[in-house]
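Open the model in your viewer and keep the sequence panel beside it. The tour goes from one selection to the next and says what is there at each stop.

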Amino acid sequence: MKSLLLVAVCLLVMTGCSQDGKNIVPSGVFQNYLPQRDWVVNYLQVNGNDRVYQFSGYRFQFVRDGLVNAIKGSETIPGNWGSVSSGSKSILFFDYGSAQVFSQLNGSWEAVEILSDQVRLERLVGSSGGKDYLTLYWY
């Protein structure tokens, strides 16, 4: 019985770590986690098209009061962000209004994986069942 319990505990511990040994950040902590550092868009696929090049050179600063700034040199594009956790799901929201390139980030993104140095997100596209993908990497 003790060995069975030990195996169960080991499996739980192993599923709480990533394969490369990086720490996984608990999923409900966007409000405390994202503002700790700057982030870059490492991957973005919208409607099946790679869009990461449009964010080249931009770093994102998340402020705890719901502001997010995209900064490239002396240019700053302001936006809003928020998050909510529901059960096992963590949702990250962006609102850049009609800012041409940045409006591609608007809407809700569900966290797929949250590691110490990156956040992988996805969102459903319409009723077709397609998905967009976004990966933020700490800068």
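Start with strands β7 and β8: a hairpin of three residues joins them. Bear in mind while looking that this is a predicted model.

**The hairpin and its neighbour**

Select residues 107-114 for β7 and residues 118-125 for β8; the two strands run antiparallel and are joined by four bridges. Pick Glu113 next, and look across to β8, where its bridge partner is Arg120.

Now add β6, residues 89-95. This strand also runs antiparallel to β7, again with four bridges between them. Show Leu92 and look for Trp109 in β7, which stands opposite. As you follow a strand, keep in mind that side chains in a regular strand alternate between the two faces of the sheet.

**The aromatic rings**

Show the side chains of Phe, Tyr and Trp. How many aromatic pairs are there? The count comes to ten. For each pair, two values are useful: the distance of the ring centres and the angle of the planes.

Select Phe55 and Phe60 as one example: their centres are 6.4 Å apart and their planes make an angle of 45°, a tilted pair. Phe55 has a relative accessible area of 2%, which is under 20%, so it counts as buried. Phe60, at 1%, is buried as well.

Go on to Phe62 and Phe94. This pair is also tilted, because its planes are at 55°, with the centres 6.0 Å apart. Which parts of the chain does the pair link? Phe62 lies in strand β3 (residues 59-62) and Phe94 in β6, 32 residues apart, so the pair links distant parts of the chain. Both residues are buried.

Return to Phe55 and Phe60, and add Tyr58, Tyr96 and Phe102: ring pairs link these five residues into a cluster.

**A charge over a ring**

Select Arg37 and Trp138. The charged end of Arg37 sits over the ring of Trp138, 5.0 Å from the ring centre.

**The whole chain**

Clear the selection and colour by secondary structure. The chain has two helices and nine strands, and along the sequence both helices come before the strands. Of the 139 residues, 32% are buried. Switch to a surface view to see what the chain exposes: about 8300 Å², with carbon and sulfur atoms supplying 54% of this area.

Key: Residues numbered from 1 in each chain as written. Predicted model: local features only at pLDDT ≥ 70, side-chain atom pairs only at ≥ 80, totals over all residues. Heavy atoms only, no water. Phe/Tyr/Trp six-rings, centres within 6.5 Å; stacked < 30°, edge-to-face > 60°. Buried < 20%, exposed > 50% of the residue type's maximum accessible area, 1.4 Å probe, protein only. Lys NZ or Arg CZ within 6 Å of the ring centre and 35° of its normal. Pairing = 2+ DSSP bridges. Areas by Shrake-Rupley, 256 points an atom, 1.4 Å probe, with all protein chains shown as cover.
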